[in-house]
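Biologist: Could you take a close look at one helix for me, and then connect it to what surrounds it in the rest of the model? I would like the reasoning spelled out as you go.

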Amino acid sequence: MSAADTLEPDVPETNDPVLAIAKKDLTEALLYLDGVTVTFDGFRALNALSFTVDPGEMRAIIGPNGAGKTTMMDVITGKTRPDKGDVFFAGGTTDLTKLDETQIATLGIGRKFQKPTVFEMHTVIDNLRLALKGQRGALANIFKRETAAEREKIDEIFQTIKLNEHRDRLGGALSHGQKQWLEIGMLLAQDPKLLLVDEPVAGMTDAETAQTAELLREINANGHSVVVVEHDMTFVRDLGVRVMCLHEGSVLAEGTLDQVSANERVIEVYLGR
Amino acid sequence: MSTATTTPPALLGKSGLVFLAVVLGAAVLVPLLNLLTAPDSALHVPTYVVSLLGKYLTYALLALSVDLIWGYVGILSLGQGAFFALGGYAMGMYLMRQIGPRGVYGDPVLPDFMVFLNWKELPWFWYGFDMFPFAALMVVLAPGILALVFGWFAFRSRVTGVYLSIITQAMTFALLLAFFRNDMGFGGNNGLTDFKDILGFNIQADGTRLTLFVLSAVALALGYVLCRFLVRSHFGKVLIAIRDAETRVRFTGYRAENYKVVAFVVSAMLAGVAGALYVPQVGIINPSEFSPANSIEIIVWVAVGGRGTLIGAALGAVLVNYAKTYFTSGMLAPYWLFMLGGLFVAVTLFLPKGIVGTFYDWRSRRSPAPADLEPADLAPADLAPPDKALPEPKPAE
Amino acid sequence: MIFPGLLSRLGCVLLLALGLLAGTLMLPRAAFAQGAAPDISAPLAQFTTDKYDDTETALNALAVSGSPAAAGIVAALADGRLFYSPATKQVLIRTAAGGYVDAAGGQPVAEAPPGLKAVRVNNRIRRAVEAASGALALVSPDPAKRLEAAGAVMRARDEAALPALDAALAKEADAKVKSALTLARASILIGKAGVSDADRIAAIETVGEEGNQDALAVLRSVPADAAPAVKAAANAAIDGIEYNLAIWSVGQNVWYGVSLGSVLLLAAIGLAITFGVMGVINMAHGEMVMLGAYTTFVVQELIRTYNPALFDASLLIAIPIAFVFTGLIGILIERTVIRFLYGRALETLLATWGISLILQQAIRTMFGPTNREVGAPSWMSGAFELGQLSITYGRLWIIIFAMLVFVALLATLRLTRIGLEMRAVTQNRRMAASMGIRTNWVDAMTFGLGSGIAGIAGVALSQIDNVSPNLGQSYIIDSFLVVVFGGVGNLWGTLVGAMSLGIANKMLEPYAGAVLGKIALLVIVILFIQKRPRGLFALKGRAIET
């Protein structure tokens with residue numbers, strides 16, 4: 001508790017009900033962002049962004065282009081350092097702003113990029129082998145042998161992402177949608193506590209989109225927290241989770257999809273005046 | 001081809017076995033042809049040709065070391081010649097100490113150039129080089145340590161791509177300038193030469209030369225097996241992943257810089273061994289081995305043979321150097337640089353995968369299921385990062 | 001705003017230089033418009049007495065006479081060509097051709113009188129001749145010679161020269177020469193026996209104000225048995241001079257550094273376009289510089305053959321020709337090779353390296369492997385002094401030229417249509433293409449511009465470096481380091497990068513020597529790139545992260 005006391009955010013008091021929801025106790029939250037500000041050459045990509053994600057929660061984030069969604073992910077995964085603000089993980093035990101990408105990944109935060117990035121010159125199964133949770137040391141991996149448990153785990157993931165018949169194809173030879181799934185599979189192989197998923201259904205057919213929503217729900221049901229950034233409202237509706245709308249680098253509204261899409265400020269931002 | 005392929009494939013594929021057979025076969029055949037045939041026989045291989053072939057083999061090992069980091073990790077080092085030269089100098093220092101009192105000035109300890117410079121004592125860094133095991137250790141340690149320090153700094157601060165190429169070039173250039181100085185204690189401009197014997201054997205003797213050739217072939221074979229083992233291991237798969245999508249590797253929890261440093265150090269040590277075998281066969285090591293142009297030339301060997309194919313790197317080194325010997329010794333000598341320059345341009349424009357990479361492509365088009373060919377053996381579809389090289393994914397609507 | 005400041009300072013230096021030049025040209029006429037030649041018949045008569053004492057007196061009188069004929073007479077005496085006729089008491093000088101001229105007036109004598117005798121010379125007279133030559137030089141009509149003579153007297157510190165100095169001082173009108181004479185006089189007084197301490201201290205102060213190496217030598221010669229006050233004054237003056245000299249030596253190193261920096265800037269600025277703006281690793285950049293230098297050579301050869309009068313303008317003629325020629329070569333390379341390799345930086349590096357080998361060998365085949373002589377026009381040779389700095393015109397012009405090229409390039413990128421299109425294509429190729437910009441054409445033009453600038457850099461570098469097929473090789477590594485150090489894609493970064501590397505190099509040299517200094521600098525830049533992989537002036541933001 002003492003950590004929570006000292007780290008209590010000093011965001012100005014607000015009577016905005018939406019922001020009030022976003023502020024939760026540090027020790028309860030899996031991910032805790034408070035007052036995070038990032039500036040690029042005078043442009044504020046994130047403006048005192050604050051929100052929390054609970055253990056086991058799935059959260060969808062929407063927002064117009066330039067709202068700061070990708071920068072938010074960069075900050076959480078250690079790619080970008082915030083100018084100001086706190087980013088804590090696992091009940092406030094870990095300060096993410098002090099760690100680099102590799103350390104954050106090892107902690108249990110997996111990230112899927114907006115543009116699918118799989119290892120194009122590796123087979124699908126090697127992609128998963130590389131991502132599989134386990135030894136990461138360079139020298140140790142020279143003599144690494146695959147264990148039966150690892151083989152089972154990979155087979156299990158293949159069942160989930162439905163790419164079994166593509167095991168031995170090159171990652172680069174997959175279709176766009178298959179790459180997205182492979183990347184999600186790689187995230188699963190890392191067995192993270194938190195998955196950050198950036199636009200997983202961009203460029204997918206309706207059927208694929210529905211399947212992806214199903215896949216993410218399944219992943220969430222297995223105990224992984226998930227944060228999904230997506231523009232596709234049908235998909236967000238399919239997910240059926242709490243939605244947060246970002247605008248100009250801070251939270252504009254939060255609630256169910258219906259609540260958020262009824263919010264006047266959200267309508268204003270999306271439709272313009 | 002479903003779950004059955006999860007057993008790791010054999011260390012050496014069919015092409016690898018062919019390669020080893022050729023190298024080791026040469027190690028046996030060439031000395032036999034030298035010893036057992038009459039000098040006027042059509043099959044006779046004169047000793048100078050044996051040494052020349054031995055030189056090519058050390059170049060092939062050097063090319064292998066470049067391919068390990070360029071082909072599989074995407075590190076284009078324009079300073080690989082520096083590691084080669086350091087290995088060569090370590091061997092050269094041993095050979096200098098072996099001269100003993102047989103030098104022109106007859107000093108029992110000091111090499112001739114030090115007597116000439118009026119030095120009274122052996123500099124501390126020359127201690128121990130009279131012992132072969134120590135010199136052999138330095139052959140791998142000196143390049144290894146330089147690569148460790150340089151790589152640790154460079155990769156930790158994420159210097160990549162052309163920036164890395166430029167600073168590796170600056171590194172070898174700085175060493176070039178340093179070794180040119182007499183004060184450095186490495187023979188300055190003239191380098192180290194006039195060697196007499198190695199491990200007690202006369203360095204000019206035919207038997208020694210044949211032995212050095214065989215050793216070069218064995219070193220190349222072992223170097224190939226080592227590289228092959230590395231790139232096929234989990235470690236090697238991470239290296240290839242770094243080459244194609246370094247950011248993704250970091251986000252997957254690997255310390256990409258550690259992998260790069262290990263690969264860089266192994267590569268530098270291989271280059272050092274190549275240099276150490278090169279020096280006794282050519283009889284001299286001087287600072288020009290550090291010149292940036294030399295290092296760039298190594299790159300073209302690998303590009304010609306096929307980047308990302310270990311066999312291609314070795315093949316390219318032998319082919320280009322054979323062509324160099326052929327063209328620079330005849331009437332065509334003034335045109336060699338035109339040829340070499342044209343080779344650089346032509347390979348990058350028309351043969352981006354090199355000879356072996358193009359051959360693999362052709363073979364895999366003919367038989368859709370390659371027998372022993374691992375994807376890691378293929379050159380990347382393009383030398384650019386995959387997001388640029390591959391066509392934009394089309395929205396599947 | 002570094003640049004306007006620098007320009008105005010350079011302008012000042014230039015004006016000062018011109019002022020000094022004008023000053024030295026105009027003063028002598030003012031100083032020596034001094035009426036009719038003085039009468040020297042009395043000393044001449046003494047030469048005819050055939051007595052050493054008289055000869056010496058005559059010499060001393062001549063030395064201070066101020067007659068234009070005196071120098072010739074003294075020189076003739078020194079060479080044993082001074083004769084007199086005991087009969088007619090005429091004094092004659094034998095010319096090199098064997099004839100005789102009148103010593104006083106210089107008119108040829110048709111028929112030499114019989115029984116001519118040479119004026120005899122012994123060691124005493126020889127010393128007197130030397131003193132007289134020195135003294136005569138002090139009153140020579142040429143101010144440069146007077147200045148030199150004053151310097152010689154100061155270094156020799158010969159007490160015997162005092163009367164001649166006093167005589168010269170009384171007549172001297174040129175301020176610069178006068179101060180040199182005063183200084184010489186003070187130098188002598190410092191060491192002369194029997195001078196009062198007050199005079200000695202005053203002399204020390206005079207010398208101390210001069211503040212150069214010679215003054216330091218004079219002050220160090222103060223006798224050990226001199227009065228404490230005198231010694232204290234000398235020591236104070238020595239400290240002052242040493243401090244002064246240290247400052248000037250830093251200034252000289254900075255000047256050398258700026259000079260080297262401008263050379264680096266010239267070599268790198270074209271690369272700042274091709275590498276910095278287009279992202280093309282052009283390893284043949286150095287060869288573009290080399291081609292520019294050879295263009296200069298060819299232009300000079302043609303001028304020498306067809307119109308030697310134009311030689312001083314040869315560099316000005318070579319600049320546009322080199323720009324167009326290397327620019328066209330650049331466009332040819334871009335169209336035939338580089339455009340197929342965009343986005344594949346490492347392959348571009350290899351292909352352009354191949355091109356550089358071909359270009360080198362082509363030049364070697366055409367012009368031979370040896371150095372070619374490129375002459376310097378008269379306005380680029382010579383030097384002037386600025387305080388304790390020695391500044392050569394060649395270096396000065398190269399600095400000015402580098403700055404002009406920099407400004408011209410900046411203006412091209414900022415103010416012209418093609419510059420706008422270049423920046424548009426760099427920032428967003430697809431967007432630029434969809435707005436109707438012919439991106440292929442812009443690529444070719446940009447590469448041509450970078451290459452053309454390398455070519456005119458070659459014109460300038462032909463003045464300070466050997467024009468050989470390897471010329472480009474010596475610049476390529478430095479150029480890349482400058483661009484990377486300054487920050488890719490930023491011309492100002494290239495300027496600051498070139499100047500800081502140039503100055504750092506020259507500052508390191510006195511301590512480490514040229515080679516070690518260079519090595520140290522390479523190591524420093526390598527470490528710097530580790531620290532800031534994007535250079536001094538890196539762009540920030542999301543755009544550069546991919």
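Modeller: In this predicted model, helix H18 of chain C is mostly covered, with 20 of its 23 residues buried. The helix runs over residues 439-461, and at 1.5 Å a residue its 23 residues should span 33 Å; because the end C-alpha atoms are 33 Å apart, the model agrees with that expectation.

The UniProt record, an unreviewed entry, carries the annotation "transmembrane region" for several stretches of chain C, among them residues 345-363 and 441-460. Residues 441-460 are 100% helix and 0% strand in the model, and their end C-alpha atoms lie 29 Å apart. Residues 345-363 of chain C are likewise 100% helix and 0% strand, with end C-alpha atoms 27 Å apart. Please keep in mind that such annotations may be inferred rather than shown by experiment.

Turning from that helix to the packing of nonpolar side chains, the largest nonpolar core has 279 residues, and the members that touch the most others are A:Leu216, B:Trp70, B:Trp126, B:Leu192, B:Phe290, B:Trp301 and C:Phe275. The largest share of this core, 15 residues, is supplied by helix H9 of chain B, residues 256-282. A second core, separate from it, holds 64 residues, including C:Leu82, C:Leu136, C:Ala164 and C:Ala237. Within the largest core, B:Phe290 can be followed further: apart from neighbours within four places in sequence, B:Phe290 is in contact with B:Ala82, B:Ala85, B:Leu86, B:Tyr89, B:Thr172, B:Leu175, B:Leu176 and B:Phe179.

One of those contacts, B:Leu175, also takes part in a pairing of helices, since it is among the residues through which H6 of chain B meets H5 of chain B. The axes of H5(B), residues 132-156, and H6(B), residues 161-180, come within 12 Å and cross at roughly 145°, and the crossing is right-handed. On the H5(B) side the contact is made by B:Leu146, B:Phe150, B:Ala154 and B:Phe155, while B:Leu164, B:Ile167, B:Thr168, B:Met171 and B:Leu175 make it from H6(B).

Two loop residues deserve a look at their backbone. A:Asp191, in the loop between helix H7 (176-190) and strand S7 (194-198) of chain A, has a phi near 50°, a positive value in a residue other than glycine; because its relative accessibility is 34%, A:Asp191 counts as partly exposed. B:Asp194, which is not a glycine either, has a positive phi of about 60°, and lies in the loop between strands S1 (192-193) and S2 (197-198) of chain B.

How values were computed
Residues are numbered from 1 along each chain as its sequence is written. Chains are lettered from A and ligands numbered from 1 in the order in which they are written. This is a predicted model: local features need pLDDT of at least 70, side-chain atom pairs count only at pLDDT 80 or more; totals for chains, interfaces and linings use all residues. Side-chain values use heavy atoms; hydrogens and water are left out. A nonpolar core is a set of buried Ala, Val, Leu, Ile, Met, Phe, Trp, Tyr and Cys residues joined through side-chain atoms within 4.5 Å. Buried means under 20% relative accessible area, exposed over 50%, partly exposed in between (1.4 Å probe, protein chains only). Helices (H or I, at least four residues) and strands (E, at least two) are DSSP runs, numbered from the N terminus. Contact means heavy atoms within 4.5 Å. The expected span of a helix is 1.5 Å times one less than its number of residues. Axes are lines fitted to C-alpha atoms, for helices over the stretch in contact, and angles run from 0 to 180 degrees between N-to-C directions. A crossing is left-handed if the near helix is turned anticlockwise from the far one by less than a right angle, and right-handed if clockwise.
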